[in-house]
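Hi everyone, thanks for making time for this. I'd like to walk you through a structure that is new to most of you, so let's get it up on the screen.

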Amino acid sequence: MPPETVAVPPATGAGKGKGRAVRTGAAADGGGGGERTQARARAARNHRIVVQGARVLLLVALIGLWEWMARSAVIDPFNFSMPSKIWDQMRQWALHGTPQGSLWEQIWYTLYEALLGWIIGVIGGVVLGIALGRIRFLAEVLGPYIKVLNALPRIVLAPIFLIWFGLGPASKIASAVVLVFFPVFFNAFQGAREVDRNLVSNARILGASNRQVTLQVVIPSATSWIFTSLHVSFGFALIGAIVGEYIGATKGLGLLVSASQGTFNAAGVYAAMVILAVVALLAEGLLSFLEKRLFRWKPVEAGAER
Amino acid sequence: MSSNTSPAIELRGTSKAFRTPSGALHTAVRDLDLTVERGEFVAVVGPTGCGKSTTLTLVSGLEEPTEGEVLVAGEPVSGIGDKIGFVFQQDAVFPWRTVLSNVMAGPRFRGVPKSEARERAREWLARVGLSSFEDRYPHQLSGGQRKRVALAATFVNDPELLLMDEPFSALDVQTRALMSDELLELWAGTGASVVFVTHDLEESIALADKVVVMTAGPATVKEVFTIDLPRPRKVESVRLEPRFVEIYREIWSSLGEEVRITRERGAADAA
């Protein structure tokens, strides 16, 4: 498998396990089972509380330790900054704007570049992946070239895109596209290859044309492969946009990072990082939500929903 | 239809060989001669892995023969005919489609307007007793129910030729008998010819007009037995008739030998 094919099922974000943790036996098992069911529900709830508590505790401890070490000068507060300063920086940006305009505008810029790059990369990857998966000749001809392109560390293309497309959003979108394309492409390709042969035979017997087989059998059965790559690739799109902005831009969170770095404002770098993490988590949540809507036909795998 | 008098299926000296991944040539079917008349229910029995399924893929047009001829309704097979229905051994329903949508798939593929396809699909779902399940997805059904969906999806296309590749082998014994009865009922109204591949001799006698015994692989026809049990039959009760037992004994003496050969070969391979 090529290095960027991501076959792992999307990891459920750690923070969102609270809604539907353990499905307690609603169908009580006969008389006298009600009590046991309740006991089990209680145990499950306790477990949940303990886990949540431990999580919060860990976070508080880490942040507290950082703050304390910086304040008591165990670590250099100028280089390492401290949580309170980072918080102040974020508040200041949110309330009074950043040196290059309002914070929301920066977030929107980065998000816009990442999103557009992601969409283009995904469409390109899916279309080409399915096409190569279905058409043997294409796969045989293009295969080696794609391998070569995939071997290239594509982030080095960002400076070239900057030269080609200038300081505006186009160069960032381009870097996002090249980062997103490959994982999506390989997964779509693999998905199209792994279609159940029985389903294809059945569709053909039922009267499906080649086109109908592709659209109504291959694509639906490749969607779970494709979706797996979508989660990872949105992260890549953000990386593409940020790195692009970092190298040279007029707006965006990446510029915020490089501007903060340029003024030795460590808190600024951290603050931008925190904002990015929040944005990425929100996007991930949205994607999971869409996935659940789209895959209603899929059986819920045991253990998949914690 | 060009020739209404010609048999539903004719295989003349048909052979099929595959390249195995290691490059060797594996002959699945050799020199096969077989005729299936119109409206006839033919069961094909043989030892496991002898090439029975290959015969079906040749008739369906999914594969082409290496040698010899395959005629369906008097015409050589080229590509997949639109008068053919195929029920697979494994589940071949589309998991992302609802039950109704699965049954509609055939007519929709063939360009039937949506409303008409839906009407016909509902009709067949009613016949297999799944009307109240039309909005379910396949994973929400039992194995027997999924098989019923597959049957409805096949019959909705009005096939003249029904090919069945061990369709009920994955079901438990009770469900299997039930499905066999249902199949006979569904088939009775259609006048379609059926080729039913199985390795279960009882099933084949209970269902068929004619039982074809295949040799150990590479498969070819060993003997053909006519089953003169009266119709309509009920699978569970026909099994108890003395005539059934007689036929069973007769065919088993032929089939048993091939099964033994296959088993000995397996033992030799394992050694």
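Let me start with a small puzzle: in which strand of chain B is B:Ala43 found? The answer is strand S3, which covers residues 41-45 of chain B. Before we go further, please keep in mind that this is a predicted model.

Let's stay with that alanine for a moment. Is B:Ala43 buried or exposed? B:Ala43 has 25 other C-beta atoms within 10 Å, and the cut-off for calling a residue buried is 20 or more, so B:Ala43 counts as buried.

And who are its partners? If we set aside the neighbours within four places in sequence, B:Ala43 is in contact with B:Phe196, B:Thr198, B:Ser204, B:Leu207, B:Ala208 and B:Val211. Take one of these, B:Ala208. B:Ala43 and B:Ala208 are 165 residues apart along the chain, and yet 5.6 Å separate their C-alpha atoms.

Now let's zoom out to the whole of chain B. Chain B is divided into two parts: domain 1, made of 9-83 + 161-270, and domain 2, made of 93-158. If you look at the numbering, you'll see that domain 1 is written as two stretches, with domain 2 falling between them in the sequence. Taken over C-alpha atoms, the centres of domain 1 and domain 2 of chain B are 26 Å apart.

Where the two domains of chain B meet, eleven residues of domain 1 are in contact with nine residues of domain 2. On the domain 1 side, helix H5 of chain B, residues 173-188, gives the most, with five residues. By class, that side of domain 1 has eight nonpolar, one polar and two charged residues.

Let's move over to chain A. How many helices and how many strands are there in chain A? There are eleven helices and zero strands, so to speak a run of α after α when you read along the sequence. Of the 306 residues in chain A, 31% are buried. Here is another way to look at this chain: among contacts between residues at least 6 apart in sequence, 73% join residues at least 24 apart.

I picked two helix pairs in chain A to show you. For the first, find helix H10, residues 253-262, and helix H11, residues 266-294, both of chain A. They pack with their axes 8 Å apart, at an angle of about 165°, and that makes H10(A) roughly antiparallel to H11(A). Their crossing is left-handed. H10(A) brings A:Leu253, A:Leu256, A:Val257, A:Ser260 and A:Gln261 to the contact, while H11(A) brings A:Gly268, A:Val269, A:Ala272, A:Ile275 and A:Leu276. By class, this contact has seven nonpolar, three polar and no charged residues.

The second pair is helix H4 of chain A, residues 103-134, with H9(A). Their axes come within 7 Å and cross at roughly 145°, and this crossing is right-handed. The contact of H4(A) with H9(A) has 15 nonpolar, six polar and three charged residues.

To finish, let's bring the two chains together. Their contact takes 13 residues from chain A and 20 residues from chain B. On the chain A side, the elements that give two or more residues are helix H8 (197-206) and helix H9 (210-247). H8(A) gives the most, with seven residues. That side of chain A divides into seven nonpolar, five polar and one charged residue.

Thanks for listening, and do ask away!

Note on methods
Residues numbered from 1 in each chain as written. Chains lettered and ligands numbered in written order. Predicted model: local features only at pLDDT ≥ 70, side-chain atom pairs only at ≥ 80, totals over all residues. Contact = placed C-beta atoms within 7 Å. Helix = DSSP H or I, 4+ residues; strand = E, 2+ residues; numbered from the N terminus. Nonpolar A, V, L, I, M, F, W, Y, C, P; charged D, E, K, R; others polar. Buried ≥ 20, exposed ≤ 12 C-beta atoms within 10 Å, placed from the backbone. Domains from an automatic or database assignment. Axes fitted to C-alpha atoms, helices over the stretch in contact; angles between N-to-C directions. Parallel < 35°, antiparallel > 145°, perpendicular 65-115°, else oblique. Left-handed = near helix turned anticlockwise from the far one by under 90°.
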